[in-house]
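Please look over the structure shown here and then read the briefing, which begins with the chain as a whole and goes on to its helices and two of its residues.

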Amino acid sequence: MSIGSNYNIAFLEQMLGISSPLQTFSVSSLSSEATRAKLKAAGIDVNSNQYKAVVSSMMSGSTGGMGYTNIQAIKNRMSHYDKDGDYICPTTGLAGLVVTEANCESRKRIIPIPESSREEMFQLTKKEFIRENGVANGDATRRSEVYTRLYRQTVKKDRLAAGYTMQQYERMYTRALVDAVRAENPHWQPGQSFDASLLNGITRESVENMAGNSFRRRV
C-alpha cells in the first residue's frame, strides 16, 4: 500500500470518527477521554474487568506505561483474561492459577480434594519413585497432568488451595516411600537402587492413616 493510500485511509477514519485497529497510541493515554472514546467505538468495554486487567498489566510492566499499543493488541490481550479479570493459563485454559500478592497467603489452605485425585497422585508418585530410584525427575514426571485434572474439578476460587493441598499429600506419599526403603537400608539415599518389593504393602490409605488425625482434621 502506498503512502498516499495510508494518508487517505487515515483521513477517512478521521472524518468518520473511527480508528484503525492498528493505529498506535501511548499506553499513558489510556486514561484520556479521547482514547477511551476510540476504544469504545471499536467495541472495547473499558469498564470491564478484562480491560482493567490489561491496562494494569501494561502500566505495571517494564515500560511503566511509557510504551505504545493499539486497539487490536488490547483486544488480543483481553482474550487472555476471564470476565473477572483473572489471567487464563494458555496451557490449561483455566483461570485462578496465578499467585499474586493478594492471594499468596490465602492459597495456603488445606481443603478437601477428591479421593480419585489423591489416588492418582499416589500411584504416579510410587511409579516414578521406583523408576527414578527415589529421585525427583522434573523432566520425566507427569505430575502436572494430575494437577491439571484436579484443577478442572475445582471451582476457580479454590484452585490454588487445591494445588497446595495436593502438594502436602504428595510430600506425605514420598516421605512414606522413603521411610519404607530406609527401614530395610537406613543408609539408602535417593538415586541408589533398592528392592521395589519393599513398597508392595504401601497404599494411599495406609499412608494417610499413618498421617494421623493432625492432618485429617485440616481437610
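Of the 219 residues in the protein chain of this predicted model, 37% count as buried. The accessible surface of the chain comes to about 13,200 Å², and 52% of that surface belongs to carbon and sulfur atoms.

**Overall build**

- The protein chain contains nine helices and two strands, and these elements follow one another from the N terminus in the order α-β-α-α-β-α-α-α-α-α-α.
- If one takes the contacts in the protein chain between residues at least 6 apart in sequence, 67% of them join residues that are at least 24 apart.

**Helix α5 against helix α7**

- Helix α5, made of residues 115-131, packs with helix α7, made of residues 159-184, at an angle of about 40 degrees, and their axes are 10 Å apart.
- That angle makes α5 oblique to α7, and the crossing in which α5 passes α7 is right-handed.
- On the α5 side, the contact is formed by S117, R118, M121, F122, T125, K126 and F129, which meet M166, Y169, E170, Y173, T174, L177, V178 and V181 of α7.
- Sorted by class, the residues in this contact of α5 with α7 are nine nonpolar, three polar and three charged.

**Helix α5 against helix α6**

- Helix α5 also packs with α6, here at an angle of about 180 degrees and with the axes 10 Å apart.
- Because angles over 145 degrees count as roughly antiparallel, α5 is described as roughly antiparallel to α6.
- The residues S117, E120, M121, L124 and E128 in α5 meet R143, V146, Y147, R149 and L150 in α6.
- This contact of α5 with α6 divides by class into five nonpolar residues, one polar residue and four charged residues.

**Buried residues of α6 and α3**

- In helix α6, which covers residues 143-152, the buried residues are V146, Y147, T148, L150 and Y151, and the elements they pack against are α5 and α7.
- In helix α3, which covers residues 49-59, the residues Y51, A53, V54, V55 and M58 are buried.
- These buried residues of α3 pack against two helices, α2 (33-41) and α4 (71-78), and against the strand β2 (68-70).

**S117, a residue of helix α5**

- S117 is found in helix α5, and the residue takes part both in the contact with α7 and in the contact with α6.
- Is S117 buried or exposed? S117 has a relative accessibility of 2% and therefore counts as buried, since the cut-off for buried is under 20%.
- When residues up to four places away in sequence are not counted, S117 touches V146, L150, Q153 and M166; among these, V146 and L150 are listed with the buried residues of α6, while M166 is one of the α7 residues that meet α5.

**D82, a residue in a loop**

- D82 is found in the loop between α4 and α5, and with a relative accessible area of 16% D82 is buried, because that value is under the cut-off of 20%.
- Which residues is D82 in contact with, leaving aside its neighbours within four places in sequence? These contacts of D82 are Q50, I88, A95 and K156.
- One of these partners, A95, is 13 residues away from D82 along the chain, and the C-alpha atoms of D82 and A95 are separated by 7.1 Å.

Definitions and conventions: Residues are numbered from 1 along each chain as its sequence is written. This is a predicted model: local features need pLDDT of at least 70, side-chain atom pairs count only at pLDDT 80 or more; totals for chains, interfaces and linings use all residues. Side-chain values use heavy atoms; hydrogens and water are left out. Axes are lines fitted to C-alpha atoms, for helices over the stretch in contact, and angles run from 0 to 180 degrees between N-to-C directions. Helices (H or I, at least four residues) and strands (E, at least two) are DSSP runs, numbered from the N terminus. Angles under 35 degrees count as roughly parallel, over 145 as roughly antiparallel, 65 to 115 as roughly perpendicular and the rest as oblique. A crossing is left-handed if the near helix is turned anticlockwise from the far one by less than a right angle, and right-handed if clockwise. Contact means heavy atoms within 4.5 Å. Ala, Val, Leu, Ile, Met, Phe, Trp, Tyr, Cys and Pro count as nonpolar, Asp, Glu, Lys and Arg as charged, and the others, Gly among them, as polar. Buried means under 20% relative accessible area, exposed over 50%, partly exposed in between (1.4 Å probe, protein chains only). Accessible areas come from the Shrake-Rupley method with a 1.4 Å probe; for residues, only the protein chains shown count as cover.
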